[in-house]
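User: I am in my first year and still learning how to read a protein model. Could you pick a single part of this one and take me through it slowly?

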Amino acid sequence: MARIKVSVERVGGCCNLPVMVGDCFYLDGSRLSVPDGKFVCMWALQSMMPVFPILGVQDQLAPGHWVHAVRHFTCPDPKGQVVFRLERLADDSD
């Protein structure tokens, strides 16, 4: 499965966590890695989780599959207006 980097690209409101532009975390299979002193909002994470397994194997899917167009994800909290960038980095076998 590919390594996925999730980074904060924009904060348009007031995030309760708070997160800042540039904050990130990594998903390696089922392992979540968060830099020391940083946090991941469980509500934002929970809303992204259904996409991670599909994003991780997107190279095995048809070129027209919707996951190829997924680049951003918005936090479900309308007050925070946090936009995350989802990046597929590399397979763990690389």
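Analyst: Happily; what follows is a close look at strand β2 and the parts around it.

Please keep in mind that this is a predicted model.

Let us start with the strand itself. Strand β2 covers residues 24–28, and four of those five residues are buried, so the rest of the structure largely encloses the strand. One residue to look at is cysteine 24, which is buried at a relative accessible area of 17%. The cut-off that matters here is 20%: a residue under that value counts as buried.

Now look at what pairs with β2. Strand β1, residues 2–11, pairs with β2 in the antiparallel sense, and five bridges hold that pairing in the count. To find your place, look for lysine 5, which stands opposite tyrosine 26 in β2. Strand β3, residues 31–33, also runs antiparallel to β2, and three bridges join them. Here the landmark is leucine 27, which stands opposite leucine 32 in β3. β2 and β3 form a hairpin with two residues between them. Glycine 29 sits in that turn and has a positive phi of about 65°.

A general point helps with the next step. In a regular strand, side chains alternate between the two faces of the sheet. Keep that in mind as we turn to two residues of the partner strand.

Take valine 6 to begin with. Leaving out residues up to four places away in sequence, valine 6 touches Asp23, Cys24, Phe25, Met48, Phe52, Phe84, Arg85 and Leu86. Val6 also belongs to the largest nonpolar core, a group of 20 residues. Along with Met48, Phe52, Val82, Phe84 and Leu86, Val6 touches the most other members of that core. Which elements give two or more residues to this core? They are β1, β2, α1 (42–48), α2 (52–56) and β5 (82–91). As a general background, nonpolar side chains tend to be buried together in soluble globular proteins.

Serine 7 is also found in strand β1. Serine 7 counts as buried, at 11% relative accessibility. With neighbours within four places in sequence left aside, serine 7 is in contact with Asp23, Cys24, Val83, Phe84, Arg85 and Glu87. Cys24 is on the contact list of valine 6, and Cys24 is on that of serine 7 too.

That brings us back to cysteine 24, and to a natural question: how many disulfides does a search of the whole structure find? The search finds zero. Cysteine 24 is in no disulfide, and the nearest cysteine sulfur, that of cysteine 15, is 15 Å away. Two cysteine sulfurs would have to be within 2.5 Å to count as a disulfide, so you can check this result for yourself in the model.

Next come the charged side chains. Side chains of opposite charge can pair when their charged atoms come close. There are five salt bridges in the count for this model. One of them reaches β2: the side chains of arginine 3 and aspartate 28 meet at 2.9 Å, N to O. Arginine 3 is in strand β1 and aspartate 28 is in strand β2, so the pair links parts of the chain that are 25 residues apart. Arginine 3 counts as partly exposed, at 32% relative accessibility. Arg3 and Asp28 are also linked with Arg31 in a network of salt bridges.

Another salt bridge involves aspartate 23, whose partner is lysine 38, with the closest N and O atoms 3.0 Å apart. Aspartate 23 lies in the loop between β1 and β2, and lysine 38 lies in the loop between β3 and α1, so this pair ties together parts 15 residues apart in sequence. What about burial or exposure for these two partners? Aspartate 23 counts as buried, at 14% relative accessibility, whereas lysine 38 counts as partly exposed, at 37%.

To put the picture together, go back to the strand you started with. Strand β2 is largely enclosed by the rest of the structure. It pairs with β1 and is joined to β3. β2 gives two or more residues to the largest nonpolar core, and Asp28 takes part in a salt-bridge network with Arg3 and Arg31.

How values were computed: Residues are numbered from 1 along each chain as its sequence is written. This is a predicted model: local features need pLDDT of at least 70, side-chain atom pairs count only at pLDDT 80 or more; totals for chains, interfaces and linings use all residues. Side-chain values use heavy atoms; hydrogens and water are left out. Buried means under 20% relative accessible area, exposed over 50%, partly exposed in between (1.4 Å probe, protein chains only). Helices (H or I, at least four residues) and strands (E, at least two) are DSSP runs, numbered from the N terminus. Two strands pair if DSSP finds at least two bridges between them. A nonpolar core is a set of buried Ala, Val, Leu, Ile, Met, Phe, Trp, Tyr and Cys residues joined through side-chain atoms within 4.5 Å. Contact means heavy atoms within 4.5 Å. A salt bridge is a side-chain nitrogen of Lys or Arg within 4 Å of a carboxyl oxygen of Asp or Glu.
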